[in-house]
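Work through the exercises below with the sequence and the coordinates open. Each one sets a task and then solves it step by step.

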Amino acid sequence: MLADLTHRFRALFRREAVERELDEELRLHLEHETGTRLAAGMPREEAARQARLAVGGFDQIKEAHRDARGVRAIESILQDLRYGARTLRHTPLFAVTSVMTLALSTAALATVLTLAHTLFVRRLPVPRAEEVVAVSGTRIRWNPDRVAVRDAERLRTLGPVSYPDYVSFRDRATTVTGLAAHYPTAPLFVSANGNVKEINGAVVSANFFRLLGLEPVSGRFFHDAEDRVPDRDRVAVISSNLWRSWFAASPGAIGSHVRINSVDFTVVGVASSEFVGTTPIPIEIYIPTMMLRVGYRWCDDALAADCAALQMIGRLAPGQTLASAAAELPTVMPEAWRHARAGENSGVAVTDLRGMSEDDNEPRLVAILAGVAILLLAVCCANLAGLSSAQSAARAGEFAVRLSLGAGPGRVVRQLATEWVMLGAAGGMAGVLLARAFTSLLAAAFFAADDEGHPLRYAFGQTPAIGWLTIGAALVAALVISVGPAISAVRRAAPGAATPRFTAPRRWTGAWLLGAQATAAVAMVALAALFAVSAQAMVSGGNYDGSHLALLRLRPRLLKYPPERAQRFQREVVERLAALPSVESVSLVGIGAVLDGGAAAIALPVWTAGQQARARFNEIGPRYFATLQTPIVSGREFDDTDLPRSPHVAIVNETLAARLWPDGRALGATLLVNATPHRIVGIVRDIRLGSRTAPSESWVYTPFWQNTEEIDSRLAIRIGGDPAAMLPALVREVNRVDRDVPISEPMTMPMRMAGLKRPVRIGAAFVGYAAALAVLLTGVGLFGTLSFAVARRTREIGIRMALGAARARIVGAIVRDGLVVVGSGAVAGIAAAVATTRVVRHLLYGSAAADWLYFVGAAALVVLVGLCACVVPARRAAGVEPIVALRCE
Amino acid sequence: MSESPKIDLPQGTLDLLILKSLALEPQHGWAISDRIQQISKDALRVQQGSLYPALHRLERKGWIKAEWGASENNRKAKFYALTRSGRKQLDAQAGAWRALAAAMALLLDAH
């Protein structure tokens, strides 16, 4: 076996030495043969002749010998490679174009694969990550449409648990060990070393770091004893990032003091930069679960049994699986969970910790992007197949020579395939490199910040498997591209086949391929346009205009301000901001975010007790709809007269008005909102925030100032100019009112929408790229094919002209040829675009009324590009001189 | 020139003949063919066109190994020698041939 390998290896790589040795051996043999004949008394010349006869032809022996070396196949492949490299060197433009086309399309594929891997597959960067699982409570979500109970299970969602529940699971579970609790997205106002900032922190149990197998970069992690008594041990671990930026990576950071939400903590350690959390929002500071009351402000007592704030992670015990853990954990569920109401934990789920995706739309988005990438690769294949067949046809002479010199047809086909495989390998490798640039662009453009302006870290990484898969795809594409044209070219060049020059001018080959490219190009352009329009529609559309909105979030709750003080502060902020130059109007909301909100129970006074419905709900300040530019259908919006002592009023949207008062008498009617009667003073248009498939929602609004319990708020500020440029001035003005109140998330509505509806913008960018490439390729493909057809038909055109055909007719014929192909492709493209739009409408926003414009526009664009591609070949055809053309023969 | 009756070598026999002629001592290519010719009293003649490919095939199988040495007339020559596995192969193949030859003889001599 080894002898065989070394022998073959030598035959392959020391080919010349082996040949030389064989030569030597054969010469010696001949000498001996001559020698014996000389010894028998034969004359020298006769002896030499006889010996040569006896030995036979050297070359035949050598050839047989080469076969016996067992490297025939590899040797001829090497030969093909050398020959291919030489050919490609002679046609650099062709080679570069092909490699670039393959690189640009495979890069798109690799980018999607990297995206998919990061979002859905990759595990945490910790030792033995495959054992780490998340344990969550599950609850039946509040459901707006009051769907049937059997469907309610579908709406089961994962939820956090309370501290006592966590302890119960930790102490009773056996299939999952080392269960740790964490609240990974605590907004903490941290001041240290002269820096003050709202940063993302985590509240974690002391065993959290041990469970994940993490080591501190400096100092230590929490002791178990530091996580036993509520509010006692004020210790914190900071991230490497914070350590570098706030403490210049100094060892003095350990033992220093940081103020977190107005409580003093001591830094005991620095976490490594490798693991930055289980969510895309990196954790900058850690505090123990016993300090949860500092980090979690949404419950009166964050450590109480009724405050579900914590998530749990653990490691599967040896030999256990997700399934066995999922079977055990419900049996150790806290007793209270068995009598849970809707919205409370009533079950347990064990899930793999894989991927960073937090957006339900992302799987659909990635599937669409994968489809687009594959389509793009197909377009490139079609394009290059056209190039390949043109190139094969141009080399017909060369093939004929090789075939008549005895090369088998298979050998010639393989030669061509080898050239393409070389191009494919180069294209694939270039694609892998290009994809790295693409993913970092994607990360910087779309994954850098969330809708609240928090910095995100996805750390897109291309795995070797993705690299190989991409190169593999390029190689497969290369084979698909080359084998068909090569076979037909060889068949044409085979002795006895009709010489193409004398065949009647047929419709040029590749027309179908070009048409298909045009179809794909139209569909992609239309899709890209719809995504781009949707991205715009999210900022301003759906009966609101966010393009000039600045947003601020005021959080006096973090300073434990009582409601009166908080409201006094907010009232003054609104007045001062409204007085600033270039501020057009200011309003605020109490629940959720601007444009968004929570939910409320609503009822009509005539309904029986207990009968109620649900509607989306927010508490809004005066001038809210003016600030958003949402039209008031009838009545008025809230103003400065709607105060705590004045009658309770409400505004409903058109959907709710139509739902509850089909007779249209909503205005002036009474509606119970959370059991309090409100008189309806206004009806507004629906603010449509959801995608096209989302149903219209019922909304009810009540005045912010009529709720004396409100503490925090979010401001919406309409700016005359660029809202982003005004943000610093707005923050300064709020600080003038009260220096201490934390202002978080100063941002603009376009920025927020960018974070909120990421899939649409990614879709727009990615599909836009694919569409541009597809249109370009269609144009280039048509240009190449027509030019080639004109070149081949020079003689025919010459004869026609000699027979009196007008130049205009010749030009017309060429242009018609091109336009028929692109035009029919484009028409098919419109149909394809209509079909595609139906598939992606979950990701589209805004009205569908103008869609047809984009479809027709896309088709027109592609036809226009096709027309441009016809011009040069047509002019070349018109320039044919009959005499010259005929003399060419 | 006297032409002795020549027998075409049946498939697979050349390998055995080569192994056998190398059983005594290492030899170079020409000497192998010469020896086969001599011992078979010119009945078997090895075509050079098949000898050298066969030698390389056997080398690849690891049954013989090649080394450069000096020939009788002091020329550089490639000498082939039997390896351990080659010797085993020779024994096995020779046994098989003897059995086959005996059986053939029985069959052909039967009346």
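**Exercise 1. A cysteine in chain A**

Task: Decide whether Cys307(A) is buried or exposed, then describe its surroundings.

Solution. This is a predicted model, so keep that in mind throughout.

Step 1. Take the relative accessibility of Cys307(A), which is 1%. The cut-off for buried is under 20%. Cys307(A) therefore counts as buried.

Step 2. Place the residue. Cys307(A) sits in a loop of chain A, between helix 11 (292-295) and strand 10 (311-316).

Step 3. List the neighbours, leaving out residues up to four places away in sequence. Cys307(A) touches Val161(A), Ser162(A) and Tyr163(A), as well as Tyr296(A), Cys299(A), Asp301(A) and Ala302(A).

Step 4. Add one distance. Between the C-alpha atoms of Cys307(A) and Gly343(A) there are 13 Å, and the two residues are 36 apart along the chain.

**Exercise 2. Salt bridges within chain A**

Task: Find the salt-bridge partners of Glu131(A), Asp224(A) and Asp264(A), and classify the residues by exposure.

Solution.

Step 1. Set the scale. Over all chains, the count is 34 salt bridges.

Step 2. Start with Glu131(A). Its partner is Arg128(A), with the closest N and O atoms 2.8 Å apart. Glu131(A) has 21% relative accessibility, so it counts as partly exposed. Arg128(A), at 49%, is also partly exposed.

Step 3. Go on to Asp224(A). Its side chain meets that of Arg210(A) in a salt bridge, at 3.4 Å from N to O. Asp224(A) lies in the loop between strand 5 (218-219) and strand 6 (235-238) of chain A, while Arg210(A) belongs to helix 9 (residues 208-212), so the pair ties together parts 14 residues apart in sequence. Asp224(A) is partly exposed, with a relative accessible area of 34%. Arg210(A) reaches 54% and is exposed.

Step 4. Finish with Asp264(A). It forms a salt bridge with Arg259(A), again listed as N to O, at 3.4 Å. Asp264(A) is partly exposed at 38%. Arg259(A) is partly exposed at 37%.

Step 5. Look for shared partners. Glu572(A), Arg576(A), Glu733(A) and Arg736(A) are joined into one network by salt bridges that share partners.

**Exercise 3. The interface between chain A and chain B**

Task: Describe how much area the two chains bury and which residues of chain A supply it.

Solution.

Step 1. Pick the quantity. The size of an interface is often given as the accessible area lost when the parts come together.

Step 2. Read the value. About 2300 Å² is buried between chain A and chain B, and carbon and sulfur atoms give 57% of it. Glu25(A), His29(A) and His32(A) supply 27% of the area that chain A buries against chain B, more than any other three residues.

Step 3. Count the residues. In chain A, 24 residues are in contact with 23 residues of chain B.

Step 4. Check the charges. There is one salt bridge between the chains. Glu21(A) and Lys78(B) meet in a salt bridge, with N to O at 3.6 Å.

Step 5. Count the polar contacts. Three residue pairs, both residues at pLDDT 80 or more, are in polar contact across the two chains.

Step 6. Assign the contacting side of chain A to elements. Helix 1 (2-13), helix 2 (15-39), helix 3 (44-55) and helix 4 (58-68) of chain A each give two or more residues. Helix 2 gives the most, with 11 residues.

Step 7. Sort that side by class. It has nine nonpolar, seven polar and eight charged residues.

**Exercise 4. The fold of chain B**

Task: Work out the order of elements in chain B and the layout of its sheet.

Solution.

Step 1. Count the elements. Chain B has four helices and three strands. From the N terminus on, they run α-β-α-α-β-β-α.

Step 2. Order the strands. They form an open sheet, 1-3-2, with antiparallel pairing. Strand 1 (27-28) and strand 2 (64-70) of chain B are the edge strands, each pairing on one side only.

Step 3. Follow one pairing. Strand 2 and strand 3 (residues 76-82) of chain B pair over seven bridges, in the antiparallel sense. Ile64(B) has Leu82(B), in strand 3, as its bridge partner.

Step 4. Take two totals. Of the 111 residues of chain B, 40% count as buried. Among its contacts between residues at least 6 apart in sequence, 49% join residues at least 24 apart.

Technical notes:
Residues numbered from 1 in each chain as written. Chains lettered and ligands numbered in written order. Predicted model: local features only at pLDDT ≥ 70, side-chain atom pairs only at ≥ 80, totals over all residues. Heavy atoms only, no water. Contact = heavy atoms within 4.5 Å. Buried area = accessible area lost by both parts, 1.4 Å probe. Salt bridge = Lys/Arg side-chain N within 4 Å of Asp/Glu carboxyl O. Polar contact = N/O pair within 3.5 Å; in protein donor to acceptor, adjacent residues only side chain to side chain. Nonpolar A, V, L, I, M, F, W, Y, C, P; charged D, E, K, R; others polar. Pairing = 2+ DSSP bridges. Buried < 20%, exposed > 50% of the residue type's maximum accessible area, 1.4 Å probe, protein only.
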